Amino acid sequence: MNYLKEKILALQQISEKLEPTSLEREQYITQVNEYTNTFINDLENTNAYSNEIAPPHSFSLDGSKKSLQDILTLYSKGVATKGINAASGGHLGYIPGGGIYTSALADYIAAVTNEYAGMYFASPGAVSIENELIDWMKLIFGFPETAIGNLTSGGSIANLIALTAARDQHGIKSNTIPNSVIYLSPQVHHCIHKAIRILGLEDVIIRHLELDHHSRIRVDDLKLKIEKDLREGLNPFLVIASSGTTDTGAIDPLQAIGEIAKTNNLWYHIDGAYGGFFILTEQKKEQFKGIELADSLVIDPHKGLFLPYGLGAVLIKNKEAVYHSNHYQANYMQDAIDESMPVNPADVSPELTKHFRGLRLWIPLLLHGIEPFVACLEEKLLLTTYFRKRLTEIGFSIGPVPDLSVSYFWYSPKNSDENTYNENLMQEIHNDGEVFLSSTTINGKFVIRLAILSFRTKLTTIEKAIVMIEKARKKVENRMKRKTNQ
Ligand SMILES: *Cc1c(COP(=O)(O)O)cnc(C)c1O
């Protein structure tokens, strides 16, 4: 017995290190606070992108220990200043996130208290907060009280959960897969295609719908394709629309697609990961009419509500369809099951144990209220218009008036190939990095894309971007001159 006790106590002396003393905790948090404050204070003068590829620092776990100060220095040099600076307002590529500070504080609290947010039984408070947020979103998007939802790690998993429910509601199994049909835009986010494969639906028939000149789904084409498929004895079961595509920010005609879905008994899914929260704006709310017709909807607070990465959401009207794949009763959890209790997040998602991610939205909403979020969205829309105006002033061509805050532009050079010119321009913009932009291909044309969604993107950011683009264009011109002179 004594030997056993001695051994335990000896181990305890070592394992105790995992519980810093009150004083150590204070020192740690002071150092972290100093680092994060400097990081935020310097953002204005930090590049949005660095195209250095190789991590110049060693992150190896070789068994040696480091002080927190050294770790923070390593983080600053090797992580925070490499690649895309997603916290920067100058991030205008892909779909920018943001990362509001109060959300980070909520993450800290959730991690310190380590609430178990998978089951109501384990944390009635945490699960109630998450369900409250889902109810709030149901209200925003006109979903009925009976709908359920889940706070996911992001839009990809949210889409996966929604499409699983669509599959299960329509009983799409091995024998019906080959003649079942999904209708979607060629511009759906690629995570939809990933989800289709993960769900075992790789062999269903996928109909890519025709788009109008605003890159929105053409409803007449959807109608014709469904009618033709029905005549041929196929099984149309799912149509997917986007309320803000990633490529061009297009909002599909949500109402009209919803009506066709209803008439033909199709599951109606809308991916609003990027654009969904623009429903809160005066400028755009009309265009979201019909979103309430969806059977399932995905939105991403880590995009449209400017949170740090790690929060998506899905709303689904049919609870049974979701439960079919996700609700499970394991013997060892028999204490935790009570049908009269509120919905358990674990019954709506493949996840069981999960980070209490609801807190990162709940605390900012309580602290700031909704107004600054809405003002920020309205501001992003106007900044997009402003950026496009400035681009035409300096001689660029711009894509059609966008539905939201994603657009594109290109330069038409007099004496050289347009695509090559714009590819070079993109390269120069990336070499500079003060502001980050990405590119895409629209109808075979290489174009530079702008996406405005960071809460830190301001009027001054756009002016900075314009100066940078002009500078990059001059470099391309010079490069080409040198080439022709050779
Ligand atoms: C970003 C995005 C996704 C994927 O969401 P993640 O949060 O990156 O997993 C899906 N759909 C659209 C329209 C998006 O913009």
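Helices (H or I, at least four residues) and strands (E, at least two) are taken as DSSP runs and numbered from the N terminus. The structure is a predicted model, in which local features need pLDDT of at least 70 and side-chain atom pairs count only at pLDDT 80 or more, whereas totals for chains, interfaces and linings use all residues. Residues are numbered from 1 along each chain as its sequence is written, and side-chain values use heavy atoms, with hydrogens and water left out.

Helix H13 spans residues 371–393 and contains phenylalanine 387. With a relative accessible area of 0%, phenylalanine 387 is buried, where buried denotes under 20% relative accessible area, exposed over 50%, and partly exposed the range in between (1.4 Å probe, protein chains only). When residues up to four places away in sequence are not counted, phenylalanine 387 touches Leu92, Leu450, Ile452, Ile462, Ala465, Ile466 and Ile469, contact being defined as heavy atoms within 4.5 Å. For one of these partners, leucine 450, the separation from phenylalanine 387 is 63 residues in sequence and 8.9 Å in space, C-alpha to C-alpha.

The chain is divided into domain 1 (107–368) and domain 2 (371–485), with bounds that come from an automatic or database domain assignment. The centres of the two domains, taken over C-alpha atoms, are separated by 32 Å, and 29 residues of domain 1 are in contact with 24 residues of domain 2. In helix H12 (residues 359–368), the buried residues are Leu359, Arg360, Leu361, Ile363, Pro364 and Leu365; their cover includes H4, helix H5 (124–140), helix H10 (301–304) and H13. Glycine 369, just after H12, takes a positive phi of about 75°.

At the surface, Ile29, Tyr108, Ile109 and Val112 make a nonpolar patch of about 370 Å². Patches are made of residues with over 30% relative accessible area and no salt bridge, like charges being joined within 9 Å and nonpolar side chains (Val, Leu, Ile, Met, Phe, Trp, Tyr) within 5 Å; a salt bridge is a side-chain nitrogen of Lys or Arg within 4 Å of a carboxyl oxygen of Asp or Glu. Accessible areas come from the Shrake-Rupley method with a 1.4 Å probe, and for residues only the protein chains shown count as cover. Helix H4 (residues 101–113) supplies the largest share of the nonpolar patch, three residues. Isoleucine 109, which lies in helix H4, is partly exposed, with a relative accessible area of 40%.

A search of the whole structure finds zero disulfides, a disulfide being a pair of cysteine sulfur atoms within 2.5 Å. Cysteine 191 is buried, at a relative accessible area of 6%, and cysteine 376 is buried at 8%.
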